[in-house]
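Work through the exercises below with the structure open beside you. Each task is followed by a stepwise solution.

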Amino acid sequence: MRNEISGGTVYGAVVQARTIGTVTIQEATPAIMPGAPVPRTLPPGTRHFVDRDAVLAEVTRLLDEASPRDGAGGTGEAGAPLVVVLWGPGGVGKSATALRLAAALRGRFGQGELYADLRGASATTAAAPSDVLSRFLRDLGVHRDWIPAEPDAQESTFRSVTADRRILTVLDDAHSAAQVRPLLAASPGSLTIVTSRTDLGRLVIEYGAHTVRLGPLRTPDAVGLLARLGGTGPGVEAVARRCGGMPLALCAIGARAAVRQQPDWERLEREMSTNGGNEAAPPPHGADTAAAAPNSEPAASGAPVTAPDPSTAVAAPADTAEEPMRGAMDASYGHLSEAAARLFRLASLRPWRHLTPGAAAAAAGIPEDAAGPLLAELADARLLEDATGEEGGAEAGPEGRADASGQVRYRFHDLWREYAQQRAPAQDGIAGAAAAVRRTLLWYVRAAAAADACVLPGRWHLGPAYTRLAGRPAAYENGISALAWLRGERENLAEAVRAAADHGLDDLTWQLCEAMWGLHLRLGFHQQWVSTHRLGVEAAARCAEECPEAEGRMRAQLGFAHLGLAQYGQAGAQFAAAAAADRRAGHVRGEATAVESLGLLHLKQERWSDAAECFRAARRLAQQVGDPRALALLEHHLGRSLQGMGRHEEAVVQLRHAQELIRALPDPYNEARVLMSLGRTLLDAGRAEEADEALGRAASVMATEGSVVQQADLAELRADRAGLAGDTAGESRYLRAALGFHERTGSPRTSAVRARLGRLEAAARWRAAPSGEAGEEVSEEE
């Protein structure tokens, strides 16, 4: 064999290769946690919806043909899943139509509904498939600890857990076929509805997708929509015609009319015909950058225009009404209060995932309590959409307004964002727009640092944002609520890193990355982690004079991102470069961390001697700094490496020393981790009775901490202990406990523990049965 394997995960029973470096044999796919609810993540549709009956009829017909109903009311799925692409220009109502279709068809999909906003207005804003898959797997009931970090493994797991489930998926605002491809459920009878500004032709070729082009509403339907929003009256038909049948424009004008008891449609029509009194205003791109430039996407961030996947790009319909869209947008914008209009412009300058009062206030340079009413004014005028509780953030709170992290969220439609972006330089000036971006980035740096300090209160930090926190009360009640905020703002924080890099704000670029350490260490999101921290490394290198310690910190954190993706070569290179950078900077604490990180990589690779050498070197460096926590954790790591080398007696001494140091901190969770390592080592050393005490104490702490994964590992260790002592009843009891813990999290270990328990109980039955029956039963078991 000429194959060489240097890293990764292999699914299957056997690997054959000439050379194997480091490889994980994944024996089973993560399971769905028992009791996990059936996902129902579709957002609510709008009440103000007209027409599109023909689209519903067409999709229903396609679904009936793909999955004919059987006599029992079930389905006779024998073919491939159905993929439908709704495409058309921005503002034509694709999202509303997709959600209306999903609501009408949801009764056919009792095993789950999934939704993702792919934010595909441009390549810059498009969501990474890995991020969407991670959330889909959580929604489907896969425990966070068993969701793979590698995108290919995530895709395989998604296919596995949906293989026998008839589910409905809505993928809204797709940028390209490549973005959609990993997110398609493969189970027969499933339906995926995709919306996009292009027809995603590769999906037609590869998956037999059906495309449905959406055009503007007919005039009677447009009039009906306006009537629902603002009432009827003379001139309503003329206003509808001015909107060109585009639902985005109709909804904005309808919101304007709705604020009056008796709308003056004729006056509105005159305002629209004169661009709302703002003839000098620059026209919005909106509806039809795509029509004018079929091979480009609008650059929502003001960055250079990026060409989409050439295999999927097609021209938008040529009949899109740019002038009516502009007139409707000008008329709506022209009636905002001056303060709301200014906030609207300055908050639009980057493609933020959503807006909160804090970030919007920073952009506008106003107090946070003043921003809330202005955002509500913009939402009432339909220039912003309420995004509280939507996917990508925390769950909605009990009041239905603020989510679980206390945030009220709004978002731009990309056409409104482009409109606002074009007004900002003219009305606020280039310098004013740049200052607004910088204020927003400073707000994110400080807010993220305050949350990160609560998530990992014992770690050392860099940057003035953390210096400002000294002597102040904690920003959050506990680490859980702080982590919830970081998770809800994750995509905005990544955008903040990109914004800082684009604007040449190197100091803010690396500080934002530093403030995301707790988020990524606890929750992963490795693809984002790599992309942001690469920018952080580059920015820190340019800041060598102002903060020489920053480069080492960024490289060490980037190394952990690669480690999480099992990219061991790249992880090792970053850890080594981090140690060298910190050595040049004279930053002993940073160098100790980098060398320790390299040792952790070697532990992962089972290079025990190399790991021990790194931990000893890191210990010498940490002793110069005098950090008790770092020294205690290093003693634990060193004990683990001695255990791996089979030097059990030395490892026991080392681990007991680590236990004393960690107890003095105090840190109950990490002390329990040391006790687990100690118990395992004592078992290997043949000192089982001593292991009982260590494992029992560890189990008590982990139960208090609610650490289900560690409790499962401990139960298996205690089953091993009972097995060595010939205590079959005890072994069975602990295996049942381990099985219960594994089932709660859907652990890949579930099947292996269940099989071991089955063999143990079969052997017990064989011993208890008469000799003739036992032989027959063993034969059946074998």
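The exercises that follow concern a predicted model.

**Exercise 1. Place the strands of the open sheet.**

Task: Give the strand order of the open sheet of 5 strands and find which strands stand at its edges.

Solution:
- Step 1. The order of the open sheet is 6-7-8-5-9, and the pairing is parallel.
- Step 2. Strand 6 (113-117) and strand 9 (210-213) each have a single partner strand, so one side of each is left without a neighbour in the sheet. These two strands stand at the edges.
- Step 3. On average, neighbouring strands of this sheet are turned by 15° against each other, direction ignored.
- Step 4. Helix 3 (residues 129-140) lies across strand 6 and strand 7 (168-174). Its direction is at about 155° to strand 6.

**Exercise 2. Describe the surroundings of strand 5.**

Task: Find the bridge partners of strand 5 in strand 8 and strand 9, then decide whether the residues of strand 5 are buried or exposed.

Solution:
- Step 1. Strand 5 (residues 82-87) runs parallel to strand 8 (residues 191-196), and 6 bridges join them. Within this pair, Val85 has Val194 as its bridge partner, and Trp87 is opposite Ser196.
- Step 2. Strand 5 also pairs with strand 9 in the parallel sense, over 4 bridges. Here Val85 stands opposite Thr211.
- Step 3. Buried means under 20% relative accessible area. On one side of strand 5, Leu82, Val84 and Leu86 are buried; on the other, Val83, Val85 and Trp87 are buried.
- Step 4. Because 6 of the 6 residues of strand 5 are buried, this strand is largely enclosed by the rest of the structure.

**Exercise 3. Check the length and cover of helix 23.**

Task: Compare the span of helix 23 with the expected value, and find how many of its residues are buried.

Solution:
- Step 1. Helix 23 (residues 550-564) has 15 residues.
- Step 2. From first C-alpha to last, helix 23 reaches 22 Å, which is close to the 21 Å expected at 1.5 Å a residue.
- Step 3. Of the 15 residues in helix 23, 14 are buried, and the helix is mostly covered.
- Step 4. After helix 23 comes Ala566, with a positive phi near 60°.

**Exercise 4. Account for the cysteines.**

Task: How many disulfides are there, and is Cys543 buried or exposed?

Solution:
- Step 1. A disulfide needs two cysteine sulfur atoms within 2.5 Å. By this rule the count is 0.
- Step 2. For Cys543, the nearest cysteine sulfur is that of Cys547, 7.7 Å away, and Cys543 is in no disulfide.
- Step 3. Cys543 has 7% relative accessibility, so it counts as buried.
- Step 4. Cys614, at 10% relative accessibility, also counts as buried.

Methods
Residues numbered from 1 in each chain as written. Predicted model: local features only at pLDDT ≥ 70, side-chain atom pairs only at ≥ 80, totals over all residues. Heavy atoms only, no water. Buried < 20%, exposed > 50% of the residue type's maximum accessible area, 1.4 Å probe, protein only. Pairing = 2+ DSSP bridges. Axes fitted to C-alpha atoms, helices over the stretch in contact; angles between N-to-C directions. Contact = heavy atoms within 4.5 Å. Expected span 1.5 Å × (residues − 1).
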